[in-house]
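Student: Could you take me through one part of this model closely, and then show how the rest of the fold is arranged around that part? I would like a connected account rather than a list.

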Amino acid sequence: MAPPTEGRKSKPKGRPKNDTRSLKRKRDVDDLEKLQKAVEELDLKAEIKDFTDLPLSQTTASGLEASHFKTLTDIQSKALPLALKEKDILGAAKTGSGKTLAFLIPVLENLYRQKWTELDGLGALIISPTRELAIQIFEVLRKIGRYHTFSAGLVIGGRSLQEEKERLGRMNILVCTPGRMLQHMDQTAAFEVDHLQMLVLDEADRIMDMGFQASVDAIIEHLPKQRQTMLFSATQTKKVSDLARLSLRDPEYVSVHEAAATATPTTLQQYYVLTPLPDKLDTLYSFIKSNLKSKIIVFMSSGKQVRFVYESFRHLQPGIPLLHLHGRQKQTARLDITSKFSASKNSCIFATDVVARGLDFPAVDWVIQMDCPEDADTYIHRVGRTARYERAGKAVLFLDPSEEEGMLKRLEHKKVPIQRTKPREKKQQSVKNQLQNMCFQDPELKYLGQKAFVSYTRSVFVQKDKEVFKIDEYDLEGYAASMGLPGAPKIKFQKGDSAKTLKNTPRAALSSDEDSDVETGEKKPKKDEVRTKYDRMFERRNQDVLSGHYSKMIAEDDLDKDEDQQADADEDNDFLSVKRVLPVDEDKNSDDDEGVAAAGPAPKVIHGLGKEPLVIDSKRREKMLKSKKKLLKLKEKGTKLVFDEDGIPHQMYELEDEEAFRKQGPAEMQRAKFLEEEAARVREADLDDKQLAKQKKREKREKKKAREAAAKASIDDDEAPELVGLEVGEDPMDLLRSLPLPEDDEVEEKEERPAKRPKKWFEDDSEDEKKKAAKKKRRVIEAEDEPETLEDLEALAAGLLS
Ligand SMILES: Nc1ncnc2c1ncn2[C@@H]1O[C@H](COP(=O)(O)OP(=O)(O)OP(=O)(O)O)[C@@H](O)[C@H]1O
């Protein structure tokens, strides 16, 4: 047995092992009793400043210390004593004020004091409205609970249900999103919640609102009524109906900032700018350009808006890393993006309300609300992503003039101090033309823009607060034009659903096929209207130009269709979107492949053109096949044949019969013989070539002399034709011949190779490589023979100059 390590207390000698264990157990029991007593005796009126002043287990205290938490925030000092005494709590405090610890510490402590073990099953359930927030809560729990022996899990979807099922039964603490949790409660037989002690709802008002209503009610039905329930939010729900749904027992309302003059952090500066809808993108771009050294979050009303602005702005290359986040991205991508944004010093993320609540990105400088929030509470949560825990921050709200009065009234009512500011004229720049160009050149971007336009318009239409959102007063045509669209897509609205309900309704419950239930369409061309090829181009989508990036985006969307509802909270629903209406002219044939395949007649198949049969599933493809040139691309490449004296074709290189080869002698000898013969042939050919070259030169010299003589004669006759840029009598070939001829490709490459420039953040490798390939192509100039005609030389000179 190894000797006891220095500094570590050795076991008392001679004492039986069992005695030690029972002594330890007794000491633990004593400690627990003491802790329990201290909690019971805790004076609720006493001022608690440090975590060490609280009756906490050594394990939690050590976890807090190791995570560098020392002093309590206001909400923590008010809520923690009550929560430790197992009271039901309604906690309200400003954003970034430390509510997470106010419920996580009691979760750990109360289970600890009840000696909860793995065998006792689920002890505490923490519900969050979004996956990102659930992950964040889980991370904090892991940090401060690192010395505890509880098992804790994250149930948020995005990975296999089976995998989660297997682990669920063993968990003591779970952090979850409502949709996924309910799925498990309904489907996982081994998952027991009968002994649950604590239920926590973070961002409670959001979880209790209409979108989550059904799932939350169903979850609560599974839970035992006797439990501790805690609700936390910066905008707390006090609705009696909500509290009744949760069966709270005499809840303590802990609101530390209710008496405060403002509902938002005092370190937060808040502004609004009046920017009519058609100028919104210009204002946003100008703002980003003027704040390249900042960390910015830009909130938009829908995922489609986010995608359009991200895709178009990244092409404009503002000079700051751009990111985008919305509910339809794959979970791994979302995680990657949030961690990138957290780690970055300066970057700009375009996001939907999926990041509006609870997320604790470090050191955000600006929160921009490009689209007006649906209500003052959403405003408060969005701006709360900056100015967190004693840090300073700034927020700007973009308002259309029609929204100003209504929104300011709402904000004032919620005690939000906001003042108007104007963007600097000097810094204002317009991107309208560039967007128009981009949409014109890239039908996919245009299509994305149309969808963004429709989803924005619809989001405004479904808003409940008609005092703020007056659909008739927006310049929608102007907005569409500012996005680079050729006219505003026509939208047919459906009545009945409110923004909030739609916001959280699971996508599956809405339309699964975006375009199948659309009520909207692009402007139908009138029959007699003159249509240019540009009009037609603007109306197309999914042509051959489909960019890889966009297809990837679309693929991501499809992959992500099974995401849980709360994660999609931000996402617009597809009961309206752009319907592609084809022009009546011949381009009506130019439907995209998917459309025809889905709805049209069975596709034709052509065999024999290439290796694989060609499927003609659209008229456009059929048309393409009628063009010989295009068809060539699809054909197999020909094989080169040589004909012998009898006119029989042979492959260029045919393998000799092995036996015949052997008969001719050893391979090495045959090889030497072959080389010798070939060398002799080359020498002979070389001689011929040299003679030919000499003869050509001689002929040229003679021709030149003849021309000079003729020119001289004509000068003498005073009838010489003018040669622009040349001295009279000078041979035009001489000038061009004096241009340096490339020796070989390598020299060219050295001369032309540009100085290596650093890769810009917005360039991806494939683009880089494409450029390189294009450059290489340009560089290759065939210059083996001396140019002979003027045309040859002109072509060569042009090649060199370019
Ligand atoms: N006692 C403390 N001492 C130091 N930092 C703290 C303390 N409590 C919380 N914080 C830090 O403050 C920040 C905000 O905390 P938290 O995310 O819990 O805020 P919140 O009130 O839940 O905000 P929101 O309303 O936006 O969800 C976090 O970075 C957290 O680490």
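Tutor: A definition helps before the close look: two strands count as paired if DSSP finds at least two bridges between them. This is a predicted model, and the part to begin with is strand β10, where H324 stands opposite F350 in β11. In all, 4 bridges join β10 to strand β11, residues 347-351, and the two strands run parallel. Helix α13, residues 331-343, packs on the sheet here and touches both β10 and β11, while its direction makes about 135° with that of β10.

Strand β10 belongs to an open sheet of 7 strands with parallel pairing, whose order is β10-β11-β9-β12-β13-β8-β14. Its edge strands are β10 (322-325) and β14 (419-420), each of which pairs on one side only.

The model also has an open sheet of 7 strands in the order β3-β4-β2-β5-β6-β1-β7, again with parallel pairing. Here the edges are formed by β3 (152-155) and β7 (252-255), each pairing on one side only, and neighbouring strands are turned by 15° against each other on average, direction ignored. Within this sheet, strand β2 (residues 124-127) and strand β5 (residues 198-202) run parallel and are joined by 4 bridges, and the bridge partner of I126 is V200 in β5. Helix α7 (residues 178-187) packs on this sheet, touching β2, β3 and β4 (173-176), and its direction makes about 105° with that of β3.

The ligand brings two parts of the chain into one description, since its shell draws at least three residues from each of domain 1 (29-255) and domain 2 (268-461). There are 19 residues surrounding the ligand, and the closest are G98, K99, T100, G358 and Y389. Helix α4, residues 99-113, supplies the largest share of this shell, with 3 residues. By class, the shell consists of 6 nonpolar, 10 polar and 3 charged residues.

A helix pair completes the account: the axes of α12 (residues 303-316) and α17 (residues 443-461) come within 8 Å and cross at roughly 145°, and α12 passes α17 in a left-handed crossing. On the α12 side the contact is made by K304, Q305, R307, F308, E311 and S312, which meet L445, L448, G449, K451, A452, S455 and Y456 in α17. The residues of this contact divide into 5 nonpolar, 4 polar and 4 charged.

How values were computed: Residues numbered from 1 in each chain as written. Predicted model: local features only at pLDDT ≥ 70, side-chain atom pairs only at ≥ 80, totals over all residues. Contact = placed C-beta atoms within 7 Å. Axes fitted to C-alpha atoms, helices over the stretch in contact; angles between N-to-C directions. Near = placed C-beta within 6 Å. Nonpolar A, V, L, I, M, F, W, Y, C, P; charged D, E, K, R; others polar. Domains from an automatic or database assignment. Left-handed = near helix turned anticlockwise from the far one by under 90°.
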